[in-house]
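Work through the exercises below with the sequence and the model side by side. Try each task before you read its solution.

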Amino acid sequence: MTSQTTIDATGPGDKASAAPSDPAPASGLRGHPWFTLITVAVGVMMVALDGTIVAIANPAIQKDLGASFADVQWITNGYFLALAVSLITAGKLGDRFGHRQTFLIGVTGFAAASGAIGLSNSIAAVVTFRVFQGLFGALLMPAALGLLRATFPAEKLNMAIGIWGMVIGASTAGGPILGGVLVEHVNWQSVFFINVPVGALALILGLLILTDHRAENAPRSFDILGIVLLSGAMFCLVWALIKAPAWGWGDGRTWAFIAGSVLGFAVFSFWETKVKEPLIPLALFRSVPLSAGVVLMVLMAVAFMGGLFFVTFYLQNVHGMSPIDAGLHLLPLTGMMIVGSPLAGALITKLGPRIPLAGGMLATTVAMYGMSTLNAGTGSATMSLWFALLGLGLAPVMVGATEVIVGNAPMELSGVAGGLQQAAMQIGGSLGTAVLGAVMASKVDNDLAGNWKDAGLPPLTQSQLDQASEAVQVGVAPVAKGTPEAIAAKITTVAHDTFISGMSLASLVAAGVAAVAVLVALLTKRGQNADSGAGVGHI
């Protein structure tokens, strides 16, 4: 079998001068489309898995390293933020230097950073190397999509992208189960060490199979100021959301960072209209369906990633489950995403993206509302119902996002659009953890003192109350050694009830976000470029 493809990366009226060079026909394994898909899937699986596998390990990391609630948030936020900020730049690096090289560097760096986390003995080191994980993950994610677009002919490309999306969805959903097995039977470090052999496999396959594809009109410069502005704006926003519970929402520092974020985004948008090769060409957003697709990805990730963050603490610290039991209780979520992804792909192909995406976000809304009703006595059957409905709702969004965003972008901007799709999901995940974390922290801070007093427990100093609040935010009862059993039982009840009230409010906020996403999904449609593919050829 052979494959010969041509990528149209030109603008209108400039076809001849900007046509990329044709890749050499595939010979054996080298350049074979389906083996290329397998190779990039291994790398992408590693990155997507790490987006959620760490959630199940967070309680163990917190306990082993003595981390605070904010520290645990940064294990997730540092990873997502580095991914989100770097994806567009990484996509341009792939266009300039070749997607094969970018993918291989990303795989190698990601595996190395993972190994370094496993060897870390402080929370600062874990967060630092999580940031490096995000940076290297950003290199390989858009490169993977670029390799698929360059390798597959038009009539096969949508199928390949559908499988690619299914791998991301299944890996994202499967993270908690694999994490539970590793944390319980090995240790939390193994959650990261597992990436080393997977990365080595992706590197070997990449060296043997992947071929280089480089457009003749590849960018020759990089929007350094744009990168700095976008990074600064995102940092200010997430930092304000994380620190607001400690500083207070009325504190000048909170609003100073929010104002800095707004100013950063405004200056970034202005600069992008002036620079010759912008980081994000704002002309992309003239397409209403494309813009709707980007917003939809952000909202979906806010609800999903933010909600999942608390569920793991709920299962382990409130219900007292082991990590593997917690992962197994999330099996309905995982299973419905894996089963639902190909079904969603078929529906989207037949009906277009609008109805499946709106229906999926409606199911997500109902699921998040259902999760707001969970309490310390909720049984496994009820939890499974809401988890399964959440997985069923998320599947269409995971699979359909590429068609909506990339398909509605001009062909000459398809690579940037692919990076934008992934960036939207990572930004949403980071914001979801930060926003819902802020909601949880505020609710616990407001309720704990009153609940403690109403239970007739001994009064706490402000310092003791702050320490107790930090523990309750992750579902841990602040019971001191030597506390009488009756008092310990009261403290546990107060802690769990307060945590659940915070989780319920956070779930309701997530449900509200998902409800808004239903309306946004109605603005999507199949793109004119969705069927044109990356080029022409045969398999």
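**Exercise 1. Decide whether L374 is buried or exposed, then find its partners.**

Step 1. Take the accessibility. L374 has a relative accessibility of 3%, so it counts as buried. Buried means under 20% relative accessible area, exposed means over 50%, and partly exposed lies in between, with a 1.4 Å probe and protein chains only.

Step 2. Place the residue. L374 sits in the loop between α14 (354-371) and α15 (380-407). Helices are DSSP runs of H or I with at least four residues, strands are runs of E with at least two, and both are numbered from the N terminus.

Step 3. List the contacts, meaning heavy atoms within 4.5 Å. Neighbours within four places in sequence aside, L374 touches Y314, M383, W386, I500, M503 and S504.

A note on the source: this is a predicted model, where local features need pLDDT of at least 70, side-chain atom pairs count only at pLDDT 80 or more, and totals for chains, interfaces and linings use all residues. Residues are numbered from 1 along each chain as its sequence is written, and side-chain values use heavy atoms, with hydrogens and water left out.

**Exercise 2. Follow the contact from L374 to S504.**

Step 1. Locate S504. It belongs to helix α18 (residues 485-521).

Step 2. Check its exposure. S504 has a relative accessible area of 14%, so it is buried.

Step 3. Compare sequence and space. L374 and S504 are 130 residues apart along the chain, and their C-alpha atoms are separated by 7.4 Å.

Step 4. Complete the list for S504. Beyond its neighbours within four places in sequence, S504 is in contact with S372 and L374.

**Exercise 3. Describe the surroundings of F310.**

Step 1. Start with the helix: F310 lies in α11. Helix α11 covers residues 288-318.

Step 2. F310 has 1% relative accessibility, so it counts as buried.

Step 3. Its contacts, leaving aside neighbours within four places in sequence, are F69, L436, G437, M440, F499, M503 and A506.

Step 4. Pick M503 from that list. F310 and M503 are 193 residues apart in sequence, yet 6.7 Å apart in space, C-alpha to C-alpha.

**Exercise 4. Work out how α2 packs against α11.**

Step 1. Read the geometry. Helix α2 (residues 33-65) meets α11 at an angle of about 45°, and the axes are 9 Å apart. Axes are lines fitted to C-alpha atoms, for helices over the stretch in contact, and angles run from 0 to 180 degrees between N-to-C directions.

Step 2. Name the arrangement. α2 and α11 are therefore oblique to each other. Angles under 35 degrees count as roughly parallel, over 145 as roughly antiparallel, 65 to 115 as roughly perpendicular and the rest as oblique.

Step 3. Name the residues. T52, A55, I56, N58, P59 and Q62 of α2 meet M305, L308, F309, T312, F313 and Q316 of α11.

Step 4. Sort them by class. This contact of α2 with α11 has 7 nonpolar, 5 polar and no charged residues. Ala, Val, Leu, Ile, Met, Phe, Trp, Tyr, Cys and Pro count as nonpolar, Asp, Glu, Lys and Arg as charged, and the others, Gly among them, as polar.

**Exercise 5. Repeat the analysis for α2 and α3.**

Step 1. The axes of α2 and helix α3 (residues 69-97) come within 9 Å and cross at roughly 165°.

Step 2. The two helices, α2 and α3, are therefore roughly antiparallel.

Step 3. On the α2 side, the contact uses V47, D50, G51, V54, N58, I61 and Q62. On the α3 side are V72, I75, T76, Y79, F80 and L83.

Step 4. By class, the contact of α2 with α3 has 8 nonpolar, 4 polar and 1 charged.

**Exercise 6. Test the length and cover of α5.**

Step 1. Helix α5 (residues 123-151) has 29 residues. The expected span is 1.5 Å times one less than the number of residues.

Step 2. From first C-alpha to last, α5 reaches 42 Å, close to the 42 Å expected.

Step 3. Of the 29 residues of α5, 21 are buried, so α5 is largely enclosed by the rest of the structure.

**Exercise 7. Put the whole chain in view.**

Step 1. The chain has 18 helices and 0 strands.

Step 2. Buried residues make up 58% of its 539 residues.
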